[in-house]
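Please find below my comments on the model, set out as numbered points that can be read alongside the coordinates.

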Amino acid sequence: QVLISIRTKEEKVQVAAEALRRAKFKFAGRQKVHVSSKMGFTPFGKDEYQKWQACGRLIPNGIDVKWLSSRGPLHRLIG
């Protein structure tokens, strides 16, 4: 069960992890800090995200992205 989830830039990961480590003392019981390998709140890893974004297959959708599959009308993929 996730208590707190935050997004941050790559260079601020250590600062955010330290802030969450200090914040976990405010909650009863044993709490863990986990740094995800995913990009933001998307289901893609960081390398996959870069690859699909360069191909133009990701569309921003608020806090996550929509992925354009290879199915559907060709004008959507070709442009």
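The points that follow deal with the pocket, the nonpolar patch, the salt bridges and a few single residues.

1. A word on the kind of model comes first. This is a predicted model, and the remarks below should be read as descriptions of that prediction.

2. On the largest pocket, the computed space amounts to about 1000 Å³. Its lining is made up of 34 residues, and those that lie nearest the centre of the pocket are S5, I6, H34, V35 and S36.

3. Which elements supply at least two residues each to that lining? They are helix α1, covering 13-23, together with α2, covering 46-55, and strand β2, covering 64-67. Of the contributions to the lining, that of α1 is the most, at five residues.

4. As to the chemical character of the lining of the largest pocket, 17 of its residues are nonpolar, nine are polar and eight are charged. A reader inspecting the pocket may wish to keep this division by class in view alongside the residues nearest its centre, among them H34 and S36.

5. The surface carries a nonpolar patch of about 360 Å², to which L3, I4, I6 and F27 belong. One of these, I6, is also listed with the residues nearest the centre of the largest pocket. I4 sits in the segment before α1, and it is classed as partly exposed because its relative accessibility is 42%, a value that lies between the 20% and 50% limits of that class.

6. How many salt bridges does a search of the whole structure find? The search finds three, and they are taken up in the next two points.

7. One salt bridge pairs E10 with K46, with 3.9 Å between the closest N and O atoms, a distance to be read against the limit of 4 Å used for such a contact. This pair links distant parts of the chain, since E10 belongs to the segment before α1 while K46 belongs to helix α2, and their positions lie 36 residues apart in the numbering. The two partners fall in separate accessibility classes: E10 is exposed, because its relative accessible area is 52%, whereas K46, at 29%, is partly exposed.

8. The other salt bridges involve E18 in helix α1. E18 meets R21 through their side chains, at 3.0 Å from N to O; the two are three residues apart in α1, and so are separated by about one helical turn. R22 also forms a salt bridge with E18, here with the closest N and O atoms 2.9 Å apart, and because these two are four residues apart in the helix, about one helical turn separates them as well. Through the shared partner, the salt bridges join E18, R21 and R22 into one network.

9. Accessibility within that network deserves its own comment. E18 counts as partly exposed because its relative accessibility is 29%, and R21, at 35%, is likewise partly exposed. R22, by contrast, counts as exposed, with a relative accessibility of 57%.

10. Helix α1 also holds Q14. Is Q14 buried or exposed? Its relative accessibility of 65% places it among exposed residues, the class that begins over 50%. Between the C-alpha atoms of Q14 and A28 the separation is 23 Å, for a distance of 14 residues along the chain.

11. In helix α2, Y49 may be considered next. Y49 counts as buried because its relative accessibility is 13%, and buried here means under 20%. From Y49 to S36 the C-alpha to C-alpha distance is 14 Å, and the two are 13 residues apart in sequence. S36 is itself one of the residues nearest the centre of the largest pocket.

12. D64 is placed in strand β2 and counts as partly exposed, at 31% relative accessibility. Although D64 and P43 are 21 residues apart in sequence, their C-alpha atoms are 8.8 Å apart in space.

13. Finally, S69 is found in the loop that runs between β2 and α3, the latter covering 74-78. With a relative accessibility of 24%, S69 counts as partly exposed. Its C-alpha atom is separated by 9.5 Å from that of L58, a residue eleven positions away along the chain.

Notes
Residues numbered from 1 in each chain as written. Predicted model: local features only at pLDDT ≥ 70, side-chain atom pairs only at ≥ 80, totals over all residues. Heavy atoms only, no water. 1 Å grid on protein atoms, 1.4 Å probe; cavity = no way out; pocket = protein on both sides within 12 Å on 5 of 7 lines; lining within 4 Å. Points joined across faces, edges and corners; volume = space filled by probe spheres on them. Nonpolar A, V, L, I, M, F, W, Y, C, P; charged D, E, K, R; others polar. Patch = residues over 30% accessible without salt bridge, like charges linked within 9 Å, V, L, I, M, F, W, Y side chains within 5 Å. Areas by Shrake-Rupley, 256 points an atom, 1.4 Å probe, with all protein chains shown as cover. Buried < 20%, exposed > 50% of the residue type's maximum accessible area, 1.4 Å probe, protein only.
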